[in-house]
Amino acid sequence: MRATTLLSKILGLNKTRVRNVTCVDEGLVVDVVPSTRVPRCSGCHCRVRTVHDRYEGRRWRHLDVGPFRVWLRYGLRRVRCPRCGVCVEFVPWAENQSWFTYDFEEHVAYLAQRADKTTLSTLMRVAWRTVGAIIERVLPRHQSGDRLDGLTHIGVDELSYRRHHEYVTVIVDHVRGGVVWASPGKNAETFKAFFKELGKERCAQLEAVTLDMSAAYLKAVTEESPQARIIFDRFHVQRLAHDALDAVRREQVREAAPEDKHDLKNTRFALQKNPWNLSAIEEQKVADVQRTNRPLYRAYLLKETLAKILDGGQVNVARKKLLEWADWAARSRLRPFQKLARTVRSHLEGIVAYVATGLSNGRSEGLNGKIRTITRRSFGFHGPTSLIALIFLCCSGITLLPVHK
Ligand SMILES: [Zn+2]
């Protein structure tokens, strides 16, 4: 068997002929040509006979062979297409504008779904930033159908990345699971862009939306899909209580006598935890707070009671108890909880709706955690479009197979 024929088999390229191979310092450079003689326009895929000019020796990175990196080399032609004008020709091994072969890109995407950043980068010998660009190209090849069809119960959430300087709004489908839409930004306009894409008819089919209490998202829902039931995310409500408790604790630390400051500072995690998860030492810390610091213990009870109400199953009971809780918090002489009491009163029906439906962004907690892990991995990407592509690749039910399966 001739060496080029063997290599052609090893590389596994379709509609491509191997002409020659050169061994260079960095690896192997394989000269190839498309197996069809008449070039095709990369814009419309039509055969075009008029060649405009030719680039000398363009290279595409292909899958490694043994220890060698492999590049395909070809003098890419530009054709004068009657429809598209002057345009590079179509090549069967790579997407227009990409300097990686389909196989290489698919393999990177397969690994991106499964492996961590360092593993992928080291194994494939590509920069992480490049991985982002590759995923952006691979994704459209695998997305099928309209993900926005048939939505009834959705959740909207914001994701922060780049150390909380930038945001992405992500929308999940509570029924089928998975991310259905994402876009940079976190204001009402961002969310409205989603409704615009959804269109009037599909907006009218929405039954429920879970969201945090951000005024921006709330405004967008009430304007664009007024029939949808608003459900405030349980974990967001809970987080507000945790924040209020922590604000009280900090205030108490500030006011405490110097010898007590240290002990009070150390109560933070014990107070935030669920009581049934406390270790013996933490239990002791909570007991000490109960004995020595009445305001802080009151704040702790307020937090715990709110959690219990949210866990309750009966809507009317929950509504009544929430109002009682708000009265208690308002009388507590703890400013952070007085503020929270006002929030709870003004958002009462949305919080009760959680008790009624059990729907919250946390319900898709596995999904949420996954999205957050991806966001941390995206550090080093060029911009939000790569991050969004990675979220879709990993969280919208796309199944990728290894290239040579
Ligand atoms: Zn064309």
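This report looks at a zinc site and a helix pair in a predicted model.

**The zinc site**

Let's start with the metal. Four cysteine sulfurs coordinate the zinc ion, namely the SG atoms of Cys41, Cys44, Cys81 and Cys84, at 2.2 to 2.3 Å. The arrangement is tetrahedral because the four donor atoms subtend angles of 105 to 113° around the zinc ion. If you follow the chain, you will find these donors with the spacing C-x2-C-x36-C-x2-C. Cys44 sits in the loop between strand E2 (27-34) and strand E3 (51-54), while Cys84 sits in the loop between strand E6 (77-81) and strand E7 (85-88), so this pair ties together parts that are 40 residues apart in sequence.

How accessible are Cys44 and Cys84? The table gives their values.

| Residue | Relative accessible area | Class |
|---|---|---|
| Cys44 | 25% | partly exposed |
| Cys84 | 35% | partly exposed |

**The helix pair**

Now for the helices. Helix H2 (residues 102-114) and helix H4 (residues 128-142) have axes that come within 9 Å and cross at roughly 95°. The two helices, H2 and H4, are therefore roughly perpendicular to each other. On the H2 side, the contact is made by Tyr102, Phe104, Glu105, Glu106, Val108, Ala109 and Ala112. H4 contributes Val131, Ile134, Ile135, Arg137, Val138, Arg141 and His142. In this contact of H2 with H4, nine residues are nonpolar, four are charged and one is polar.

Terms used. Residues numbered from 1 in each chain as written. Predicted model: local features only at pLDDT ≥ 70, side-chain atom pairs only at ≥ 80, totals over all residues. Heavy atoms only, no water. Donors = N, O, S within 2.8 Å, 3.2 Å for Na, K, Ca; no water. Tetrahedral: all angles 85-135°; square planar, octahedral: opposite > 155°, others 65-115°. Helix = DSSP H or I, 4+ residues; strand = E, 2+ residues; numbered from the N terminus. Buried < 20%, exposed > 50% of the residue type's maximum accessible area, 1.4 Å probe, protein only. Axes fitted to C-alpha atoms, helices over the stretch in contact; angles between N-to-C directions. Parallel < 35°, antiparallel > 145°, perpendicular 65-115°, else oblique. Contact = heavy atoms within 4.5 Å. Nonpolar A, V, L, I, M, F, W, Y, C, P; charged D, E, K, R; others polar.
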